[in-house]
Amino acid sequence: HFPGHGDTNVDSHYGLPVVELGLEELRRRELLPFAAMVRAGARIIMSAHIIYPWIDPLHPATISRLFLTDILRNELGFGGVITSDDIGMGAVSALFEKPDAAAITLQAGCDLIMMSAHWTDTNRCIGLAQSLLDSLNSGALNYGLFEASQNRIERLLSEAPVHSVEALPDSVFVA
């Protein structure tokens, strides 16, 4: 949960955690494990639905360009895939009701937007996908940024092991 979720008293499944740390204290404490992960070659990091008002008072980390691009990518040197935590969670669900939410998330530096049927209606995915296409077609979302994100995802997938698929025996389905 980048940039750190240890100093919270709110469960982001139900509300938006607020951590009142400045940037220097964040660097000394919360960012250390992420810097180590980047040095060790981590390929994917998940953003946190958390707000640090002393650093970015307007955006939770999931949609914060300051956190995802300036700090994680540029300062820490992370070149892998950034995924959001589930966007149906209470901390950010209302933000993702807005039509431009998907584009804002990608513009912040996130590559994958996670959605699970447990926290949100999976039909919502269709609306976000359409909104993303509309943002690309209108120029509201920079195509180069989108393409770079797509390249990171494709690189991750190409490095992932591929396992053969085997059919389960019919006896598994007998009650």
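1. A quick definition to start us off: a residue is buried when its relative accessible area is under 20%, exposed when that area is over 50%, and partly exposed in between. Now try it on Val-172, which sits in the segment after helix H6. Its relative accessible area is 48%, so Val-172 is partly exposed. The C-alpha atom of Val-172 is also 44 Å from that of Asp-134, a residue 38 places away along the chain. Please keep in mind throughout that you are looking at a predicted model.

2. Next, the overall plan. The protein has six helices and two strands, and along the sequence they come in the order α-α-β-α-β-α-α-α. Measured out along the principal axes, the C-alpha atoms fill a box of roughly 60 × 40 × 35 Å. Of the 175 residues, 40% are buried. If you take contacts between residues at least 6 apart in sequence, 75% of them join residues at least 24 apart.

3. A word about the surface and the charges. The accessible surface comes to about 9,700 Å², and carbon and sulfur atoms account for 57% of that. The protein carries 11 positive and 21 negative charges, and the mean positions of the two sets are 8 Å apart.

4. Which residues touch the most other members of the largest nonpolar core? They are Phe-2, Leu-26, Ile-45, Tyr-52, Phe-67, Leu-72 and Leu-76, in a core of 23 residues. Helices H2 (32-39) and H3 (65-75) are the elements that give two or more residues to this core, and H3 gives the most, with four. There is also a second, separate core of 13 residues, and Ile-87, Ala-102, Ala-103 and Leu-136 are among its members. As background, nonpolar side chains tend to be buried together in soluble globular proteins.

5. Tyr-52 deserves a closer look. Setting aside neighbours within four places in sequence, Tyr-52 is in contact with Pro-3, Gly-4, Val-19, Leu-21, Leu-26, Glu-30, Pro-57 and Phe-67. One of these partners, Pro-3, lies in the segment before helix H1 (23-28). The peptide bond leading from Phe-2 to Pro-3 is cis, with omega near 10°. For context, most peptide bonds are trans.

6. Now for the aromatic rings, which form three pairs in this structure. Tyr-52 and Phe-67 make a tilted pair, 5.4 Å centre to centre with 45° between the planes. This pair links distant parts of the chain: Tyr-52 is in the loop between strand E1 (44-46) and H3, whereas Phe-67 is in helix H3, 15 residues away. Are these two residues buried or exposed? Both Tyr-52 and Phe-67 are buried.

7. Another pair is formed by Tyr-143 and Phe-146. Their ring centres are 6.1 Å apart and their planes meet at 40°, so this pair is tilted. The two residues are three apart in helix H6 (residues 143-159), which means they are separated by about one helical turn. In general, an α-helix has 3.6 residues a turn, so residues three or four places apart point the same way. Tyr-143 counts as partly exposed because its relative accessibility is 48%, and Phe-146 is partly exposed at 22%.

8. Helix H3 is worth tracing residue by residue. Its buried residues are Phe-67, Leu-68, Thr-69, Ile-71, Leu-72 and Arg-73. What covers them includes H1, E1, strand E2 (81-83), H4 and H6. Just after H3, Gly-77 takes a positive phi of about 80°.

9. Finally, why is helix H4 (residues 101-108) described as largely enclosed by the rest of the structure? Because six of its eight residues are buried. Those six are Ala-101, Ala-102, Ala-103, Thr-105, Leu-106 and Ala-108. The cover over the buried residues of H4 includes H3, helix H5 (124-138) and H6. Just after H4 comes Gly-109, with a positive phi of about 125°. By way of comparison, most residues other than glycine have a negative phi.

Technical notes:
Residues are numbered from 1 along each chain as its sequence is written. This is a predicted model: local features need pLDDT of at least 70, side-chain atom pairs count only at pLDDT 80 or more; totals for chains, interfaces and linings use all residues. Side-chain values use heavy atoms; hydrogens and water are left out. Buried means under 20% relative accessible area, exposed over 50%, partly exposed in between (1.4 Å probe, protein chains only). Contact means heavy atoms within 4.5 Å. Accessible areas come from the Shrake-Rupley method with a 1.4 Å probe; for residues, only the protein chains shown count as cover. Lys and Arg count as positive and Asp and Glu as negative; His and the chain ends are not counted. The place of a charge is taken as NZ of Lys, CZ of Arg, CG of Asp or CD of Glu. A nonpolar core is a set of buried Ala, Val, Leu, Ile, Met, Phe, Trp, Tyr and Cys residues joined through side-chain atoms within 4.5 Å. Rings of Phe, Tyr and Trp (its six-membered ring) pair if their centres lie within 6.5 Å; planes under 30 degrees apart count as stacked, over 60 as edge-to-face and the rest as tilted.
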